[in-house]
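Me: I would like to learn how to read this model feature by feature. Can we start with the backbone and work outward?

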Protein chains: 2
Amino acid sequence: MGKGYTGRILRVNLSNGNISVETPSDTWYRTYFGGTGTIAYYLMKELEPGIDPLGPENKLIFATGPVTGVPIAGSGRNSVGGKSPLTGAIGFTEAGGFWGPELKRAGYDALIIEGKASKPSYISIIDDKVEIRDASQYWGKLAGDVEDGIKAELGDKGTRVTQCGIAGENLVRFACITNDLTHFYGRTGMGAVMGSKNLRAVAVRGHTPVEVADKAKVSEIAKFMVEKWPEIAGGMHEYGTTGTIVNLNAAGGLPTRNFTQGVFEGAEDISGQTMNKTILIDRDSCFACPIQCKRVVKTGAPYNVDPKYGGPEYETLGSLGSTCGVKDLEAVCKGNELVAAYVLDSISTGVTIGFAMECYEKGLLTKEQTGGVDLKFGNGPAMVDLITKIAKREGLGALLAEGSARAAAKIGNGAEKLNVTVKGQEAPMHDPRLKMGLGVGYMLSPTGADHCHNIHDTGYEKRVDGLGPWGFVETIKATDLSTKKMAILKVGTEWKIFDNCAQLCQFVPWSPDQVVDIVKAVTGWNTSVYELTKVGERAYNLARLFNLREGFTERDDALTKKFFTPFKEGAIAGVAPTPQEVDRAKRDFYELAGWDRWTGVPKRWKLEELNIGWAGDEYDRVNCAGG
Amino acid sequence: MGKGYTGRILRVNLSNGNISVETPSDTWYRTYFGGTGTIAYYLMKELEPGIDPLGPENKLIFATGPVTGVPIAGSGRNSVGGKSPLTGAIGFTEAGGFWGPELKRAGYDALIIEGKASKPSYISIIDDKVEIRDASQYWGKLAGDVEDGIKAELGDKGTRVTQCGIAGENLVRFACITNDLTHFYGRTGMGAVMGSKNLRAVAVRGHTPVEVADKAKVSEIAKFMVEKWPEIAGGMHEYGTTGTIVNLNAAGGLPTRNFTQGVFEGAEDISGQTMNKTILIDRDSCFACPIQCKRVVKTGAPYNVDPKYGGPEYETLGSLGSTCGVKDLEAVCKGNELVAAYVLDSISTGVTIGFAMECYEKGLLTKEQTGGVDLKFGNGPAMVDLITKIAKREGLGALLAEGSARAAAKIGNGAEKLNVTVKGQEAPMHDPRLKMGLGVGYMLSPTGADHCHNIHDTGYEKRVDGLGPWGFVETIKATDLSTKKMAILKVGTEWKIFDNCAQLCQFVPWSPDQVVDIVKAVTGWNTSVYELTKVGERAYNLARLFNLREGFTERDDALTKKFFTPFKEGAIAGVAPTPQEVDRAKRDFYELAGWDRWTGVPKRWKLEELNIGWAGDEYDRVNCAGG
């Protein structure tokens, strides 16, 4: 009888060429599960605090979950993690696609990469055959060329390639990792970690289907979504996430011109609705998913956007579009092609460029510094051009490749106030002035600002259905920062983190009890929503302990000042949280989480409850040395 | 579409004869649920702190749950609650049978009784026809006679009668309430509250079946237990709880001679195995349950035990048998008949008599005080005789009717050290030297020592299957008092309390996910194990706040000294927790529960999370006045 996971974790040391397999116990799997849990476990166990994220001591971990590769909608995902060169905190990020399922088919739940190769390399995994191969011929090449090259070299079109791109080679701090050219492990700069190891790609091919405990039950659940998606996820098929642009604009919270506005006059132009009517030529999907939420676009001159890199999601439309004041949809799509080809995080890229534009408009960056470019908001060609410069660290791109927080510090003269980051990571396209609970989520995400580690402030009834409600969910407003709201945010956070342990896509509308049914059918464990929230909570606490061990304090759980300044126009004009409100909400969350109200350090009883007392010992070893 | 509950709560004021019906919202039901939750809600809302439990200001609440009366195994239950005359704390206690389902069929989820009748009365509920009727002719009668009389008077054999008995009339502090003569709301002296209101009985007849959201699903689940019980609950049918005597004796923890020993030489004699071979003549059941775990016994002279009062459970065999050192099974069964006929809690009765026997043996009670009786351990006839004396408050019985804690204080001379109570309620037949986690459970039960408000220390893997495990459950020992153990105890407590909110019998082996399926099918709510543990946690916190409002402090969360003295013989000879260990475990539990480590007061964030901030306000009003 299968159990979803293979029970085998592959470890490759690029410094000495050692390749080994370890086999954790079933209890270990049920405790740490996979994805974020696996990553947090190994990073906490194996990294020394204070190491250089771009040095050979850092580790890069690709981790699937028990559900990855099980033929059921939303199971195409896996996580990548390591210490982040962007934030110095823990880094983890997820993508869909087919690479994760292929790693499972090859017989591995996770891949731990250590050390640094002496020359450009890639790893090839074909079932039990694991090799470190020369990648000199791929170094400096665009993602598409590398993908084609490796597939041709290995001679198997079924090979799945994940790679870091030119941006990763150049250690751009928000370089990301892609698989199949269109699926992105976007946040926290894991592409730079990969590049720092002289590792351009990992190619995988496997031939053993993932075995589950109850095949008939898995088929039955899979069938549900195959039949029901038009009804419950039809909008995701029609527009993907791109339908969000007009909604958030109407709500007054579409990040515009580096978060100085919540309404964008070009929203309609860059909307999914417009895209559908013009340049959308196809939709794309992940492993076993019938919904096809991904976009494929193509344009003619001047941008000639290549459809092989797919098309932009909402986050990219917002970050390269409205955040930069760019309303030319084709320019935004060209930007999307370039971040995909260079393998850059589109959110950090767009927000960093938007930040540079505001600096330019405010006179903090001169035309000399921009290389003569008139870097005003709305300059589409300049935005497109800057992407290449960032990936190649050319001109102003060299400064921006450090991320907007470091760039702001270098620019000085108050540029820090224009910078929109939490723990040094650029904020996604959801404004805390509109979604105040999510703002606290940004503060408390272990990876810095991230919109996938907590629940958003609208439709709470639906979001926590089966997790609550507690008789008050329907009355909770987006602007609410009460203790009750924090309680919802906490369980929502645990559930989201759990999604990234099991590896289930947050876009496929499985209800919590369906998730339990899936996990039961896959693993054979008699589990429950209760236990699974504890899995998420455990991974979340491990990630927090990692950061505390690195020297982060509660002061780092803070929102950028911009979010306390109300918008002047739009549906939420005049509305913003106060620093005091947000601080109180944060501390209420600490207490709800079992952390000290003032220091934010998890209490020992919470760690014992989660059975991770060992991580508390490790924190104490580093932070309480000498008493 | 039905939803399990009727949406109607009946209120009867015995002082002024007012009868009314109130209709809480669906949200209210989902929040407080029923049973313990309903009782804790109303007592916290409506009682003033400091009232006399035996005065007209106290309220007596009969509360079913959504599942009560749904044709599914284990759904025959309801709770009764009020301020306890035994402990001064909150009182609640549950029984199976048919009365609860009948109340639902009459159209009510709960019955709140207020005030005090001017003369002996009973309440008759026939659907919408609710009357307060004269009960003068039943006053001073045995339970069986009252049952027969009321049924004859009302002229409907389908009438279900619940009553308090002669013990309740006489305000014996551990008088209980019975329905159908064989189902007991045993603990916390609710019979005395009923008696104090001049209320001898509540007769109910209803004609509207309980409607559920998904009838087909309910039938399917019901069928599961009808088919599977021989396999998964066959032992309960065979021996009921009486099989436990020999097991706990072998384990060295059978309470013997007022908890001075853990091994009883007469265990075999009073065992369920012996009972089955000798005096067992039938088995009895509750509403819709196929398991039939209840005993029916009959004996000849000298005791002539009447089978209409059923037969003893484990708790009664232990308390009237081994705790009193009595190994004459027929004497124990006579005792069982008498506590049923007078309507006394068999646990408190037996433990109080055992306490008196130890006092007598140690010279703290004289032969003059016992009325010439040689009240040694093992004197069966004396034990039997004392039951009548207690119920009628005659001779030594008048002293013992106050409960062993008050009796000990009156006896003085160190009698307090012989007394085995927590918060003034006598301990059940599970010894904390064997089950140390349960010992902490005794300390933290809002009603004083109780074995039904938490999980026992053996078979944890099975007990928390689906609630955990967290990867360490299998390593937890019965003698463990670690923080991890407390975490298990906490969720186990929440789940047990939830059972008493929904009203599902703890003897029917429904798994947590089956419980969720039942609640979903009955109510139509999309709920989960997570939400249901929160329901239990909410009721538990309300009960704690009630006690704190009454002036209880963390000092009252304590074990009697006896449990710190190891046994000299048997399987756990030499083993006992230390006061320090137990205190540390208690404080760890406080923190896990979201209560202050040192004061045990629930923190505001916990109350907000549970949406019972109002109860925190109420606590503050009383305890922080002028502060």
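Me: Where does Asn198(A) lie?

Reply: Helices and strands here are DSSP runs (H or I of at least four residues for helices, E of at least two for strands), numbered from the N terminus. Asn198(A) sits in the loop between helix 6 (190-196) and strand 12 (199-205) of chain A. Its phi is positive, about 60 degrees, although Asn198(A) is not a glycine.

Me: What should I know about the model and its numbering before going on?

Reply: This is a predicted model: local features need pLDDT of at least 70, side-chain atom pairs count only at pLDDT 80 or more, and totals for chains, interfaces and linings use all residues. Residues are numbered from 1 along each chain as its sequence is written, chains are lettered from A and ligands numbered from 1 in the order in which they are written, and side-chain values use heavy atoms, with hydrogens and water left out.

Me: Is Asn198(A) buried or exposed?

Reply: Buried means under 20% relative accessible area, exposed over 50%, and partly exposed in between (1.4 Å probe, protein chains only). Asn198(A) has 14%, so it is buried.

Me: Which residue in the loop between helix 1 (26-32) and helix 2 (35-46) of chain A has a positive phi?

Reply: Phe33(A) is in that loop. Its phi is about 75 degrees, and it is not a glycine. Phe33(A) is buried, with a relative accessible area of 2%.

Me: What kind of peptide bond joins Ala301(B) and Pro302(B)?

Reply: Read omega. The bond is cis, with omega about 5 degrees. Pro302(B) is in the loop between strand 14 (294-297) and helix 11 of chain B. In chain A, a cis bond joins Ala301(A) and Pro302(A), again with omega about 5 degrees.

Me: Why is helix 11 of chain B described as largely enclosed?

Reply: Check burial residue by residue. Eight of the eight residues of helix 11 (residues 314-321) are buried, so the rest of the structure largely encloses this helix. The cover over its buried residues includes helix 9 (244-250), helix 10 (272-277), helix 12 (329-342), helix 13 (346-361) and helix 14 (380-391) of chain B.

Me: What does Lys586(B) touch?

Reply: Contact means heavy atoms within 4.5 Å. Not counting residues up to four places away in sequence, Lys586(B) touches Val440(B), Met443(B), Leu444(B), Glu554(B) and Asp557(B). Lys586(B) is buried, at 3% relative accessible area. It belongs to helix 22 (residues 579-593) of chain B.

Me: How are chain A and chain B related?

Reply: Superpose the copies by least squares on the C-alpha atoms of residues with pLDDT of at least 70 in both. Chain B lies on chain A with an RMSD of 0.0 Å after a turn of 180 degrees and a shift of 0.0 Å along the axis. That is the relation of a two-fold axis. In chain B, the C-alpha nearest the axis belongs to Tyr530(B), 2.2 Å away from it.

Me: How many residues does each chain bring to the contact?

Reply: Chain B brings 35 residues and chain A brings 34. Buried area is the accessible area (1.4 Å probe) that two parts lose on being put together, summed over both. Here the chains bury about 3200 Å², 53% of it on carbon and sulfur atoms.

Me: How many salt bridges cross the interface?

Reply: The rule wants a side-chain nitrogen of Lys or Arg within 4 Å of a carboxyl oxygen of Asp or Glu. It finds two between chain B and chain A. Asp513(B) and Lys520(A) meet in a salt bridge, 2.2 Å from N to O.
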